[in-house]
Amino acid sequence: MFDPGLLAAFTNGRVRAVEHMAARLAQGYDSWREDTVTDTLCQHTAPYVTSIQFNGFQEGRNGLDWLCWWRDRTGLCFGSLIQAKNLKREGARWTAGFGQRNKQGLQLDLLLASARRFRLPALYMLYAGTPEYRTGLECKRHSEPVCLRCERAGVSVVSALTVQNRATFLTGDELAADSFQRATPWEDLADPALPAGRLWIGGLRNYVGPCSERLLRFLTEEQVGAAEIAKRIFSPVHGQRMTQFSAALAERVDTADTMVFTDLPNDQGHLSEPHFVHVLQGLRTALPQYVRDAELGRAVPAEVSQSLAGIIIVDI
């Protein structure tokens with residue numbers, strides 16, 4: 001499914017990133033710099049991960065940090081926008097800065113607006129320190145005496161759609177804890193032993209098939225490479241949607257360019273956007289031209305270099 005060394009590299013990256021977070025706490029700081037953790041993570045997952053940094057980045061204007069592309073040996077790719085957030089303990093409470101605002105507005109809204117502009121899903125990368133730092137904040141699937149999920153959770157990802165939906169009825173500290181518990185360890189995305197498997201589609205079956213037989217196979221059959229990464233990102237968002245008591249809409253959205261799925265269900269539920277479109281528009285048959293240019297050291301459009309801290313390419 002993935003290169004045999006990928007999981008070991010991701011484990012090494014997570015361990016080194018968590019060591020940096022632990023060192024900051026030992027030095028008396030109450031947190032760590034998100035950009036330093038990202039650099040550490042990328043540096044220690046080489047050669048599978050390549051990071052390309054831009055100098056004109058203006059984070060406050062766009063609400064995002066990085067563009068991450070997973071690329072498999074067939075050339076199939078899955079891209080997402082990533083905003084890094086620190087999970088911080090404040091007494092008995094947890095914060096992650098999801099409610100952060102600037103002159104342009106709520107950062108979460110800016111992140112989702114950027115996702116629509118780039119036509120990619122939006123994720124939060126949570127930097128959550130050591131298991132000891134998170135004592136009392138175990139995952140919802142916690143197992144004793146050793147919980148692999150909690151061990152790996154120092155670097156995790158959660159969909160911005162999930163955070164936005166949960167923010168409608170959770171307070172700031174409740175939202176931070178809830179988002180962490182719903183997040184997927186970054187390492188799990190690279191673990192061949194944790195496939196997304198068959199997804200439940202319930203009443204959606206009536207119109208998923210007519211939209212695309214390929215989509216139906218994607219949901220119900222094993223996937224490999226970039227398609228499997230897309231499915232692992234899609235699965236928790238889809239699971240959240242399927243627990244919402246809202247009618248599935250028999251509509252579809254046409255897509256184009258290099259997107260794998262040429263039409264997708266316009267099903268939204270109580271989410272702010274159709275989740276099929278939001279996540280699966282990131283699955284492409286080739287990298288966008290600006291990503292290929294950046295990889296080759298060529299100039300990229302100002303909209304890209306000023307919107308992003310950089311681009312991360314993961315070869316799987």
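How many cavities of 30 Å³ or more does a search of the whole structure find? The search turns up one. The model here is a predicted one, and what follows looks at that cavity and then at the largest pocket.

The largest cavity comes out at a volume of about 90 Å³. Its lining is made up of Thr 38, Leu 41, Cys 42, Thr 45, Val 49, Trp 66, Ile 82, Ala 84, Met 125, Tyr 127, Trp 186 and Ile 312. Helix 2 (34-43), strand 3 (77-86) and strand 8 (122-127) are the elements that each put two or more residues into this lining. Of these, helix 2 has the largest share, with three residues. As for chemistry, the cavity lining splits into ten nonpolar residues and two polar ones, with no charged residues.

Now for the open site. The largest pocket has a volume of about 600 Å³, and 25 residues line it. Those lying nearest the pocket centre are Arg 141, Arg 182, Thr 184, Ser 235 and Pro 236. Two or more lining residues come from each of strand 9 (155-159), helix 7 (172-182), strand 10 (184-185) and helix 10 (225-242). Helix 10 chips in the most, giving seven residues to the pocket lining. Here the mix of residue types runs to twelve nonpolar, seven polar and six charged.

Put side by side, the cavity lining holds no charged residues, whereas the pocket lining holds six. Helix 2 leads in lining the cavity, and helix 10 does so for the pocket.

Key. Residues are numbered from 1 along each chain as its sequence is written. This is a predicted model: local features need pLDDT of at least 70, side-chain atom pairs count only at pLDDT 80 or more; totals for chains, interfaces and linings use all residues. Side-chain values use heavy atoms; hydrogens and water are left out. On a 1 Å grid over the protein atoms alone, a cavity is a set of points where a 1.4 Å probe fits but cannot get out, and a pocket is an open set with protein on both sides within 12 Å along at least five of seven lines; lining residues have an atom within 4 Å of a point. Grid points are joined across faces, edges and corners, and a volume is the space filled by probe spheres set on the points. Helices (H or I, at least four residues) and strands (E, at least two) are DSSP runs, numbered from the N terminus. Ala, Val, Leu, Ile, Met, Phe, Trp, Tyr, Cys and Pro count as nonpolar, Asp, Glu, Lys and Arg as charged, and the others, Gly among them, as polar.
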